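Please examine the sequence and the three-dimensional model shown here. The paragraphs that follow lead through the architecture step by step.

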Amino acid sequence: MRTLRDAKIGETVKVAKLHGEGAIKRRIMDMGITKGTEIKLEKLAPLGDPIEVKVRDYQLSIRKSDAALIEVV
């Protein structure tokens with residue numbers, strides 16, 4: 001299983017499945033990350049966490065622990 005956490009900078013991936021439960025999964029979906037959404041990994045913070053991604057023409061930062069819950073292809 002490959003997750004958003006494993007993506008490389010500049011790479012565009014597509015969401016295959018969201019893992020997690022309850023509030024965490026709901027928060028990820030509220031950010032616009034749903035099945036089939038394309039996500040481009042734009043930047044990585046100096047210490048490696050969080051990561052900045054482009055989703056639906058806007059940027060957002062997401063913790064690597066949350067990115068690990070997003071299965072991508």
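Where is the place of proline 50? Proline 50 is found in the loop between β2 and β3. The model is a predicted one, and in it the peptide bond that leads from aspartate 49 into proline 50 is cis, with omega near 5°. The strands on either side of this loop, β2 and β3, form a hairpin with six residues between them. Within the turn, glycine 48 adopts a positive phi of about 95°.

The hairpin belongs to a wider arrangement. Five strands make up an open sheet, ordered β4-β3-β2-β1-β5, and their pairing is antiparallel. At the edges stand β4 and β5, each of which pairs on one side only. Averaged over the sheet and with direction ignored, neighbouring strands are turned by 45° against each other. In general terms, the strands of a sheet pair through backbone hydrogen bonds, in either a parallel or an antiparallel manner.

Individual pairings can be followed through β2. Its antiparallel pairing with β3 runs over five bridges, and here isoleucine 39 has valine 55 of β3 as its bridge partner. The antiparallel pairing of β1 with β2 runs over three bridges. Threonine 12 stands opposite lysine 40, a residue of β2.

A second loop, between β3 and β4, deserves separate attention. Both arginine 56 and aspartate 57 are located there. Arginine 56 has a phi near 50°, which is positive although the residue is not glycine. Aspartate 57, likewise a residue other than glycine, has a positive phi of about 70°. How do the two side by side compare in accessibility: partly exposed or exposed? Arginine 56 is partly exposed, because its relative accessible area is 47%. Aspartate 57, in contrast, counts as exposed because its relative accessible area is 73%, and the cut-off for that class is over 50%.

The strands also contribute to the interior. The largest nonpolar core contains 18 residues, and those touching the most other members are Leu4, Ile33, Ile39, Ile51, Val53, Ile62 and Ile70. Each of the strands β1 (12-18), β2 (38-44), β3 (51-55), β4 (58-62) and β5 (70-72) supplies at least two residues of this core. As a general tendency, nonpolar side chains in soluble globular proteins are buried together.

Isoleucine 62 shows what surrounds one such core residue. Not counting residues up to four places away in sequence, isoleucine 62 touches Met31, Ile33, Asp49, Pro50, Ile51, Val53, Ala67 and Ile70. Among these contacts are Asp49 and Pro50, the two residues joined by the cis peptide bond.

A charged residue completes the tour. Is aspartate 66 buried or exposed? Aspartate 66 counts as buried because its relative accessibility is 6%, and the limit for a buried residue is under 20%. Aspartate 66 has its place in helix α2, which spans residues 64-67. Its side chain makes a polar contact with the side chain of arginine 27 at 2.9 Å. Once neighbours within four places in sequence are left aside, aspartate 66 is in contact with Ile24, Arg27 and Ile28.

How values were computed: Residues numbered from 1 in each chain as written. Predicted model: local features only at pLDDT ≥ 70, side-chain atom pairs only at ≥ 80, totals over all residues. Heavy atoms only, no water. Core = buried A, V, L, I, M, F, W, Y, C linked by side-chain atoms within 4.5 Å. Buried < 20%, exposed > 50% of the residue type's maximum accessible area, 1.4 Å probe, protein only. Helix = DSSP H or I, 4+ residues; strand = E, 2+ residues; numbered from the N terminus. Contact = heavy atoms within 4.5 Å. Polar contact = N/O pair within 3.5 Å; in protein donor to acceptor, adjacent residues only side chain to side chain. Pairing = 2+ DSSP bridges. Axes fitted to C-alpha atoms, helices over the stretch in contact; angles between N-to-C directions.
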